[in-house]
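Me: I have a fold open here and would like to go through it with you. Could we take it piece by piece?

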Amino acid sequence: MRAIITGASSGIGLALARELGKRGYDLALLARRVELLDELARGLHERGTRAVAYACDVTDASFVTDAVRRAEKELGGAFDLAVANAGVSIPGHASKFNIAEAEQTIRVNVLGVMYLYDAVIPSMIERKSGRFAGVASIAGLRGLPTAGPYSASKAAVQAFLESARIELAPYNVGVTIVNPGFVATPMTEKNRFRMPFLMEADEAAVVIADGLERGERVIEFPKPMSFLMRLVRYVPDAVYERMMVPYARRRRDEEKVKS
Ligand SMILES: NC(=O)c1ccc[n+]([C@@H]2O[C@H](COP(=O)([O-])OP(=O)(O)OC[C@H]3O[C@@H](n4cnc5c(N)ncnc54)[C@H](OP(=O)(O)O)[C@@H]3O)[C@@H](O)[C@H]2O)c1
């Protein structure tokens, strides 16, 4: 079995690579920081896993296609599992909207997923087998204050993959949406607020790998966070706004202090 993971140089992607390695997958690891990928690949080799690493910026479609083709050659065939995990989160306030940051968020979190999808899906359809997973977020279930572009990018991934799941079912190609809550990674270590139900990346990787093995449509965790956000989805807009005002104000106040 062969799997490809984007954003394998740190956090959830790195932990998932180790977990899938333990479960017998040959791996292709993609990210921009190739020295971190090489180190990961060496560690995986020592534990008997075949792994190849490629420097790849997922915002460039040709880089992604090229890395996929090279990895297929090196590992001896097309992928059974593709995990579009690479992502960025750049907090900001809507009153100080930064279009360059928003663009980067959409490029990595949305187009990055679609570029990997484009590179691996035709062969899965042809073989009538395989699974594509995209790492979205619980933040895609409602617009979260101070995370507008991030929430929007994750909602886009959820909708894109939900459509794809329906359309690919006749080809026996599975599609999984992964919605983590808070996971301790370099992405979240800059957060200054209390992160409810914070999970370790290794734990998250086991939950994701188990869900992928079971062919789940949506892997959402930790369970209490998932339950809370599913509930919040049904809260009327006016009530939701009132609940969230303090969170939006906090960031604006922090920015006032900085400027
Ligand atoms: N941590 C959480 O609480 C949490 C919650 C929900 C969802 N998620 C999602 O989980 C995924 C992984 O996040 P994480 O928490 O593990 O964060 P992380 O440790 O910061 O890892 C992000 C990964 O994405 C890669 N990446 C970023 N920009 C890239 C680009 N342009 N091209 C290729 N790779 C790129 C990074 O590699 P390079 O910098 O080496 O390129 C890195 O490997 C993301 O999609 C994130 O939105 C995380």
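Reply: A small starting point is R2, whose bridge partner in β2 is D26. This is a predicted model, in which local features need pLDDT of at least 70 and side-chain atom pairs count only at pLDDT 80 or more, while totals for chains, interfaces and linings use all residues. Residues are numbered from 1 along each chain as its sequence is written, and side-chain values use heavy atoms, with hydrogens and water left out.

Me: And in which sense do β1 and β2 pair, over how many bridges?

Reply: Strand β1 (residues 2–6) and strand β2 (residues 26–31) run parallel, with 5 bridges between them. Strands here are DSSP runs of E with at least two residues, helices are runs of H or I with at least four, and both are numbered from the N terminus; two strands count as paired if DSSP finds at least two bridges between them.

Me: What's the strand order in the whole sheet?

Reply: The open sheet has 7 strands in the order β3-β2-β1-β4-β5-β6-β9, with parallel pairing. The edges are taken by β3 (51–55) and β9 (218–221), and each has a single partner strand, so one side of each lacks a neighbour in the sheet. From one strand to the next the twist averages 15°.

Me: Which strands does α4 lie across?

Reply: Helix α4 (residues 99–127) lies across β1, β4 (81–84) and β5 (131–135), and runs at about 170° to β4. Helix α2 (residues 34–46) lies across β2 and β3, at about 180° to β3. Contact means heavy atoms within 4.5 Å; axes are lines fitted to C-alpha atoms, for helices over the stretch in contact, and angles run from 0 to 180 degrees between N-to-C directions.

Me: Switching to the ligand: how many residues surround it, and which are closest?

Reply: The ligand is surrounded by 30 residues, of which S10, R32, Y150, V183 and T185 are the closest; a residue counts if one of its heavy atoms lies within 4 Å. That shell divides into 16 nonpolar, 10 polar and 4 charged residues, where Ala, Val, Leu, Ile, Met, Phe, Trp, Tyr, Cys and Pro count as nonpolar, Asp, Glu, Lys and Arg as charged, and the others, Gly among them, as polar. Helices α1 (11–22) and α5 (148–168) each supply at least two of the shell residues.

Me: Where is the polar side-chain atom of S9 relative to the ligand?

Reply: It lies 2.8 Å from an oxygen atom of the ligand, and an N or O atom in the side chain of S10 is 2.6 Å from a ligand oxygen atom. The protein buries 95% of the 880 Å² that the ligand exposes when taken alone, with accessible areas from the Shrake-Rupley method and a 1.4 Å probe.

Me: Last one: is the peptide bond from F221 to P222 cis or trans?

Reply: That bond is cis, with omega near -15°, and P222 lies in the loop between β9 and α7 (223–232).

How values were computed:
A polar contact is a pair of N or O atoms within 3.5 Å; within protein, one must be able to donate a hydrogen and the other to accept it, and residues adjacent in sequence count only if both atoms are side-chain atoms.
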